[in-house]
Amino acid sequence: MKAESLLEALGCRIAAGELTDELPSENALAQRYDVSRTTVRAALQGLVARGLVEIRPASGARVCDHEQWDWLDEAVLRWVCDSGNRHMIHQAGFDARLLVEPSIAGLAARHASAADLAEMDQALKIMDSHHQDAPAFHLADTAFHGAMARASHNPILCRLSRALESVQRTLFEHSYRQDESEIRLTVSLHRQLLESIRLRQPDQAEALARELIETCHRRLDEPLAADDTN
């Protein structure tokens, strides 16, 4: 087992609540997983880097409180989703997007250049031509929102938008279900949003961004609810 595999195994167990408080010693982990202590140390450093674990001199490794975890790290998000807490990630991501993206849309309507509009338009065309190709559709969707963030010409909001991409990507991988009617609605809302930005209508752009986020929330929430009842 390599350090990456051990990191995955320990991360999943921590996210699932199987490992709490003090972790087993390096020797115990090495024996349990049949790896060297060097491999154990490398895996533990990966957990430390993501805020899941802290290592104290003379007392070993200890699991950190949830508030210290790096909730924008894709590995952490994946471990938490795999542990059965997708609803929590979904709701937190929805709340964060509602705070950030309407403001981005409004600023884009004020500041977008011709090049910004062309970039969003190209992403929308790819979305519209890939209804049956979920990964390509999602990549184009992400590209649209990235272009819109850049069109705000606000570097802080651009950084926040990029940070939220990892949440959306993880939820897409765990929860996305193909639904042609929902996809058509999503494309239509993106088209209306782009047009409001093109026409310099910030209030309309903000309202459409909120509607788009709520539509996405519903599209991902329904599969999660269905999974919970199965």
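This passage goes through the overall layout of the chain, one helix pair and two residues.

The structure is a predicted model, in which local features need pLDDT of at least 70, side-chain atom pairs count only at pLDDT 80 or more, and totals for chains, interfaces and linings use all residues. Residues are numbered from 1 along each chain as its sequence is written, and side-chain values use heavy atoms, with hydrogens and water left out. Confidence is given as pLDDT, the predictor's own score for each residue on a scale from 0 to 100. The protein chain averages 90, with 93% of its residues at 70 or more. Helix α6 (residues 114-128) has the highest confidence, at a mean of 97, while helix α10 (residues 202-229) has the lowest, at 79.

As for the fold, the protein chain contains ten helices and two strands (DSSP runs numbered from the N terminus: H or I of at least four residues for helices, E of at least two for strands). Along the sequence, they come in the order α-α-α-β-β-α-α-α-α-α-α-α. The C-alpha atoms fit a box of roughly 65 × 40 × 25 Å along the principal axes. An automatic or database domain assignment splits the chain into domain 1 (3-68) and domain 2 (85-221), and the C-alpha centres of the two are 36 Å apart. Of the 230 residues, 46% are buried, where buried means under 20% relative accessible area, exposed over 50% and partly exposed in between, with a 1.4 Å probe and protein chains only. Contacts are heavy atoms within 4.5 Å; of those between residues at least 6 apart in sequence, 71% link residues at least 24 apart.

Next, the helix pair. Helix α2 (residues 26-33) packs against helix α3 (residues 37-49) at about 105 degrees, with 9 Å between the axes. The two helices are therefore roughly perpendicular, a label for angles of 65 to 115 degrees, with under 35 roughly parallel, over 145 roughly antiparallel and the rest oblique. On the α2 side, Glu-26, Asn-27, Leu-29 and Ala-30 make the contact, and they meet Arg-37, Val-40, Arg-41 and Leu-44 of α3.

Further along the chain, Ser-196 sits in helix α9 (residues 180-198) and counts as buried because its relative accessibility is 2%. Beyond four places in sequence, Ser-196 touches Ala-109, Gln-201, Gln-204, Ala-205 and Leu-208. Leu-208 belongs to helix α10 and is also buried, at 4%. Outside its neighbours within four places, Leu-208 contacts Leu-189, Gln-192, Leu-193 and Ser-196. Leu-208 and Gly-11, 197 residues apart in sequence, are separated by 38 Å from C-alpha to C-alpha.

Note on methods:
Axes are lines fitted to C-alpha atoms, for helices over the stretch in contact, and angles run from 0 to 180 degrees between N-to-C directions.
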